[in-house]
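Colleague: Could you take a close look at one part of this model for me? I'd like the numbers with their cut-offs.

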Amino acid sequence: MKKVFVVLVVAALMLSMAACGQQQTAAPQTAAPATAAPATAAPATPAPAGKPYIAIISKGFQHKFWQTVKAGSDDAAAKLNVDITFEGPPSESDIQIQVDMVNAALAKNPAALCLAALDTKSLNEQLQACVDKGIPVIGFDSGVPNPPAGSIKSTASTNNEAAGAVAADEMFKVIKDAVSAATTAKPVKVAVVSQDATSASITGRTTGFVNEMLKKCEEVQPGKVAVTGHTSWAKASSSGETAVEITVTIAASTSVPDCQAACQAVLQTNPLGVFCTNSGTVDGMLAATSDGSDLDRATGKYKNLPVIGFDSGSSLLNAIKKKWFYGAITQDPYMIGYDAVDLAVKVLNGEKVPEIVDTGCHFYNDQNMNDPDIAKLLYE
Amino acid sequence: MEVKKDYLSTRKQFDKTKLLAPAFMVVLFVIGLFQSGFTFIVNSLDASYFIGYMAIGVTFVIITAGIDLSLGTNLICAAIIGGYAYNALHLPMVWCLLIVVAIGTTLGFLNGLMVAYLKLPPFIATLGMMMIGMGLGAIVTNVTTERYPTFGSPGAEFKTIFYKTTADSPLGAGIPLGAFWLSLFFIISMVLLNKTKFGRYTYAIGSNIEAARLSGIKTRPWLTAVYTFCGFCSGLAGVMYAAVYTSIIPSTGNGFELLGIAGAVIGGTSLMGGLGTIPGTMIGVFIMSFLKQVLFGWGFQPHVQTFISGIVVILAVLLDQWRIKQSTKVRKV
């Protein structure tokens, strides 16, 4: 009897909590059913007769980045007169959930599939099924690296190496004198903090930054620049002597505490500048510097240290507004979403499309962050 | 005569082994100080606040021979709903922080009901709660990252109280006040575990729940109270997490509980129940965070540091088992 009572109490408490949640989110939740509705409706209406149905599966949903991608896709769908569904797993480590989502999408026989794969290998079978069924797949964001032959028609993505190179160019402007003044006796460091050495987009940014920085530094310190840290990028200087060290640190996991730990470690080496390659490492850097206030130009503990971030988010924007961060690179999430749908429609219409469409990136700082062209790409 | 002498010498040996973990912590601390001085202390503290609260809470639960796997996601769930209350519902920060603690406590209470009254194995009950916490946070926020106000913005005063001071504080900038609160909570929970009925019953339940029941302890309400306290700790950990890390990402947090459990276990808390102390747990937590900083100071990449932390956990438990063996040997004599 008592047991039954306890079961009821537990159930009631849980329900009431869930109910609170539902009630509180009444407004934003209307967005979710709206996207879910066409998904359930799609199989009922045969594709050829109505609008073509394009399934979009992203790498996430939680980062506001994906919401901006979704906005681009929605606009493209409205303009090009197609039906879309936009889904993504709750976190970027949920490979299994993404596989389930792709399976569910394929069961609805979409005209095309837009995909940002978390892990290509685990989707191999599904991609092969797309080839067999003649469903064109368009990659977006980090795309689908090393896909089965013939499955990926085109990819809409930021050229991450170019984005990393932009960061290196911007940083070099402020550290050029210090780099020139470095000697073998008094070497200097330039640091990159990154995540997950296997994710193509983040690896690309790291590589782009390291290569460009190496090139720039070699111009003023020929033969004396070395790349150290993570072994994927490590490279000894050509003369054997080192005056400039470009150090790559990869956080132990994608959690904010682990990113913070990596940033703390980097800050202790007194680098000339730090590049954080994604929003996770930016969060880590903010946590390691008291929300960025330790980087304050007048009073901060690291007042002479330029830090360049990636993407946006309210805390990064705040840090840039206050000049704590030197600036950041933003991708164009809106264009990523827009171009993905646009490319899918072009393929469906039999048009020829390039293998990769660069959706661009922009450097922003406290000077230009309010320009309309930039502001629309930034999110709180 | 001979026996007594033998007893004494073994006894002495036992005390020495007890000092191994604190000694290891001190060694790491000294190395760290030489590497980077005050920064070392601040960095170690920053990274261990939320782990400290979780570890204290889970120590109580592990002493009852239970486990709480839901700590990590509960803290994120509590913190993210608090952030939602601030960002979307525009409640005053004080209310939001109270919500964080209340949600942590409620989830802990539910764990307690399931374990004590429904007789679910703690592993299963809290495993389920882990998923519930993760899902609940994501449902309420509609899977969006909630960011707490940053230093200097309105609403961020709680950071200067619970985390560290800013330049405009009368104490000066960068004083890690979080250490004060953690020490305070450390003392309170030590008193709770050693000097109160609650603490004595916690040990009694862990040593032998049936014996405890037969000796007149109402084991079910007390066991529920232990899990509720652990939930309360995860709420406090949520507040500290929000203060230090600002960004609360939905559907994260699983794995954090293991940091707390590792701290407790390194500190000599036995998963078989009945054994464990709060100072031991704190030593365990700081061994982990000092080790992390020291390895960074030596220039190891982060993944190597995780690897070495794993070895330390295993060695610590092996050492502990050996120590207990020694002490039971004494009893045989």
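How much area do domain 1 of chain A and domain 2 of chain A bury between them, and what percentage of it is on carbon and sulfur atoms?

Modeller: Sure, with some housekeeping to begin with. This is a predicted model, where local features need pLDDT of at least 70 and side-chain atom pairs count only at pLDDT 80 or more, while totals for chains, interfaces and linings use all residues. Residues are numbered from 1 along each chain as its sequence is written, chains are lettered from A and ligands numbered from 1 in the order in which they are written, and side-chain values use heavy atoms, with hydrogens and water left out.

Now the domains. Chain A is assigned a domain 1 (51-158 + 333-349) and a domain 2 (161-330), with bounds that come from an automatic or database domain assignment. Their C-alpha centres are 32 Å apart. Between them, the two domains of chain A bury about 350 Å², with 61% of that on carbon and sulfur atoms; buried area here is the accessible area (1.4 Å probe) that two parts lose on being put together, summed over both. On the side of domain 1 that touches domain 2, chain A has two nonpolar, three polar and one charged residues. For those classes, Ala, Val, Leu, Ile, Met, Phe, Trp, Tyr, Cys and Pro are nonpolar, Asp, Glu, Lys and Arg are charged, and the others, Gly among them, are polar.

In terms of contacts (heavy atoms within 4.5 Å), six residues of domain 1 of chain A meet six of domain 2. The rule finds zero salt bridges across this domain interface, a salt bridge being a side-chain nitrogen of Lys or Arg within 4 Å of a carboxyl oxygen of Asp or Glu. There are also zero residue pairs in polar contact there (both at pLDDT 80 or more). A polar contact is a pair of N or O atoms within 3.5 Å; within protein, one must be able to donate a hydrogen and the other to accept it, and residues adjacent in sequence count only if both atoms are side-chain atoms.

For context, here is the interface of chain A and chain B. These chains bury about 4300 Å² between them, 61% of it on carbon and sulfur atoms, and 52 residues of chain A are in contact with 52 of chain B. Three salt bridges cross that interface, and one salt bridge joins the side chains of Asp258(A) and Lys292(B) at 3.6 Å, N to O. The rule also finds 14 residue pairs in polar contact there (both at pLDDT 80 or more). The side of chain A that touches chain B holds 22 nonpolar, 22 polar and eight charged residues.

Over all chains, the structure has twelve salt bridges. Inside chain A, Lys70(A) pairs with Asp74(A) at 3.3 Å, N to O. Because they sit four residues apart in helix α4 (residues 64-80) of chain A, Lys70(A) and Asp74(A) are separated by about one helical turn; helices (H or I, at least four residues) are DSSP runs, numbered from the N terminus, as are strands (E, at least two).

Last, confidence. On pLDDT, the predictor's confidence in each residue from 0 to 100, chain A has a mean of 85, with 86% of its residues at 70 or more. Residues 21-48 of chain A stay under 50, though the model has 23 contacts for them beyond four places in sequence. Where pLDDT is low, the predicted coordinates should not be read in detail. The complex gets an ipTM of 0.78 and a pTM of 0.77 from the predictor.
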